[in-house]
Amino acid sequence: MSPKIVEILSEEELRRTLTRLASQIVEKAGDLSDLVLVGIYTRGVPLAHLLGAQIEALENISVPVGALDITFYRDDLDRIGMRTPAKTKIPFDLSGKTVVLVDDVIFKGRTIRAALDAINDYGRPAVIRLAVLADRGHRELPIHPDFTGKCLPTAKEEQVKVYLNEIDGRDGIELIDRQND
Ligand SMILES: O=P(O)(O)OC[C@H]1O[C@H](OP(=O)(O)OP(=O)(O)O)[C@H](O)[C@@H]1O
Ligand SMILES: O=c1cc[nH]c(=O)[nH]1
């Protein structure tokens, strides 16, 4: 049987959600000249650029955007083995900055735990916040987003899939249930 797929956010809803997240970040970030966005590969990176563009449109200020590869900081690297080389691009010092980490989905929280570890290599930010497009619950660590696009109660075996035009050729979020697959 094919998996059951339910649309959670349409293209339009996803873009509207990004606009809201950008406004919330602006509202809470304090001095915008200290704000930097760091997207986590894979889809956190285009999301961080989209949020940066929205903030620029709202506030007429250019926010630095970096890209973080957390692969080497995962707590299961032994099990999954070495994958691709690090692609991190943070060509600015994070010391004293307000860093907003950006990812598409938060689930167990282990990716963000690794990201906090990785960020240490690029300076000591004044503050680190977390923005995600979808929070599907089931955390295994005490990590919670500060900015959430969509809170999505899910079953553990379901999958939340974010599609972004920049990578997937379309925008949207789907909930996928492979139980009867
Ligand atoms: O909270 P967690 O349980 O750590 O899960 C969340 C992470 O899982 C997905 O990444 P994935 O590892 O699938 O890699 P990808 O982004 O490169 O597809 C997602 O993009 C988050 O980064
Ligand atoms: O459902 C999930 C779980 C982790 N990461 C995702 O992108 N989706």
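This passage describes an enclosed cavity and the surroundings of ligand 2 in a predicted model.

Empty space inside the protein was examined first. Rolling a probe the size of a water molecule over the atoms shows where empty space is left. With a threshold of 30 Å³ or more, the count comes to 1 cavity. The largest cavity holds about 30 Å³ of space. Its lining is made up of Leu-18, Leu-21, Leu-47, Leu-51, Val-102, Asp-103, Ala-131, Val-132 and Leu-133. At least two of the lining residues come from each of helix H1 (11–28), helix H2 (44–59), strand E4 (98–106) and strand E5 (127–135). The largest share belongs to E5, which supplies 3 residues. Sorted by class, the lining of the largest cavity comprises 8 nonpolar residues and 1 charged residue, with no polar residues. The charged residue is Asp-103.

Ligand 2 was considered next. This ligand sits in the largest pocket. Val-105, Phe-107, Arg-136, Gln-159 and Val-160 surround ligand 2. This shell divides into 3 nonpolar residues, 1 polar residue and 1 charged residue. The charged member of the shell is Arg-136, and the polar member is Gln-159.

Two of the surrounding residues have polar atoms placed close to oxygen of the ligand. In the side chain of Arg-136, an N or O atom is 2.6 Å from an oxygen atom of ligand 2. For Val-160 the corresponding atom belongs to the backbone: a polar backbone atom is 2.8 Å from an oxygen atom of ligand 2. Taken alone, ligand 2 exposes 240 Å², and 70% of that is buried by the protein.

Methods:
Residues numbered from 1 in each chain as written. Chains lettered and ligands numbered in written order. Predicted model: local features only at pLDDT ≥ 70, side-chain atom pairs only at ≥ 80, totals over all residues. Heavy atoms only, no water. 1 Å grid on protein atoms, 1.4 Å probe; cavity = no way out; pocket = protein on both sides within 12 Å on 5 of 7 lines; lining within 4 Å. Points joined across faces, edges and corners; volume = space filled by probe spheres on them. Helix = DSSP H or I, 4+ residues; strand = E, 2+ residues; numbered from the N terminus. Near = heavy atom within 4 Å. Polar contact = N/O pair within 3.5 Å; in protein donor to acceptor, adjacent residues only side chain to side chain. Areas by Shrake-Rupley, 256 points an atom, 1.4 Å probe, with all protein chains shown as cover. Sits in = over half its atoms within 2 Å of the grid points.
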